[in-house]
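Reader: Hello! I'd like a close look at a single part of this protein, with the cut-offs spelled out as you go.

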Amino acid sequence: MAGLLPGVACSEEPAAVAHPEAFSGDVGLGVLHTASGIQGVQAQTSVVPYLNFEKGRLFGRIDTFGVKTLPLGAGHLELLGQVRSDGYQGGGWSLRKDPVPLGLGTLQITPVGAFGLNVLHDFGASGGTLLQARYLAELPLGRLTLYPELGLERQSAAYARYYLGTTAADAAAAGRAYQPGAALNPYVGGLIELPVSGPWVLNLYLRRVFVDRNLSNSPLAGHGHRDTALLALTYRY
């Protein structure tokens, strides 16, 4: 199950091209709604910062933050980390802590769209790994701009077992033990940008993750999918 949103990179960055060290991008505040993928755990709605920017080699892509290092193809090799909310408490299950994913990635911006690949290790409780691949396009629709997205995330067995495997207490509560293997979770999403006034932009992001059967068969699991929505008002630099 993914945490917050995968970053969306704009294909046009005139400020960054003219002044490589200049700050460019969107900064604002949003309301994030994430459906829980765990039985008995309520969906969460919270106010979150919206950061999608570049400043020299530093970048923020909503939930992914890092620094660009060596040039690589149409992008760079990146050192990065992610903010994720896979942890949970409640529902009668044992506490799971949020992960601490750090690793390497690249975002290749091409004339036909952006291609991203990340390899992350959880330095938190699971000790597992995440492999993420995604494609993003840019479609101008009058005043609106649509960024459709397709993605796939592989969770290692250690990561999947920590979040949706049963502890002894969970197995007693559920009536059965379960330990999933590695999982592949595809997802579809889309960001809609609508200019409001001057530099102010309204952003709406929607995403659905289709949960692997290795995860959805767990007695802890809720639906076979997980939906996320983010509505944010941002200032574009």
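With which strand does β1 (residues 23-34) pair, in which sense, and over how many bridges?

Author: Happy to help! First, a word on the model: it is predicted, so local features need pLDDT of at least 70 and side-chain atom pairs count only at pLDDT 80 or more, while totals for chains, interfaces and linings use all residues. Residues are numbered from 1 along each chain as its sequence is written, and side-chain values use heavy atoms, leaving out hydrogens and water.

Now to your strand. β1 pairs with β15 in the antiparallel sense, over 9 bridges. Strands here are DSSP runs of E with at least two residues, helices are runs of H or I with at least four, and both are numbered from the N terminus; two strands pair if DSSP finds at least two bridges between them. Within this pairing, valine 31 has leucine 231 of β15 as its bridge partner.

β15 also pairs with β14: the two run antiparallel and are joined by 11 bridges. Here phenylalanine 210 stands opposite histidine 225 of β15.

Leu231 appears again on the surface. Together with Leu139, Leu141, Leu144, Ile192, Val196, Trp200, Leu202, Leu204, Leu206 and Leu233, Leu231 makes a nonpolar patch of about 890 Å². Such a patch joins nonpolar side chains (Val, Leu, Ile, Met, Phe, Trp, Tyr) within 5 Å, from residues with over 30% relative accessible area and no salt bridge, that is, no side-chain nitrogen of Lys or Arg within 4 Å of a carboxyl oxygen of Asp or Glu. Areas come from the Shrake-Rupley method with a 1.4 Å probe, and for residues only the protein chains shown count as cover. β11 (139-141), β13 (183-197), β14 (200-210) and β15 (225-236) each supply at least two patch residues, and β14 gives the most, with 4. Leucine 139, in β11, is partly exposed at a relative accessible area of 38%; buried means under 20%, exposed over 50%, and partly exposed in between.

Arginine 236 also belongs to β15, and is partly exposed at 31% relative accessible area. Leaving aside neighbours within four places in sequence, arginine 236 is in contact (heavy atoms within 4.5 Å) with Gly25, Asp26, Glu193, Pro199 and Val201. Proline 195 is 41 residues from arginine 236 in sequence, and their C-alpha atoms are 9.7 Å apart.

For the wider setting, the protein has 4 helices and 15 strands, and 45% of its 237 residues count as buried.

Methods: Patches are made of residues with over 30% relative accessible area and no salt bridge: like charges are joined within 9 Å, nonpolar side chains (Val, Leu, Ile, Met, Phe, Trp, Tyr) within 5 Å. Buried means under 20% relative accessible area, exposed over 50%, partly exposed in between (1.4 Å probe, protein chains only).
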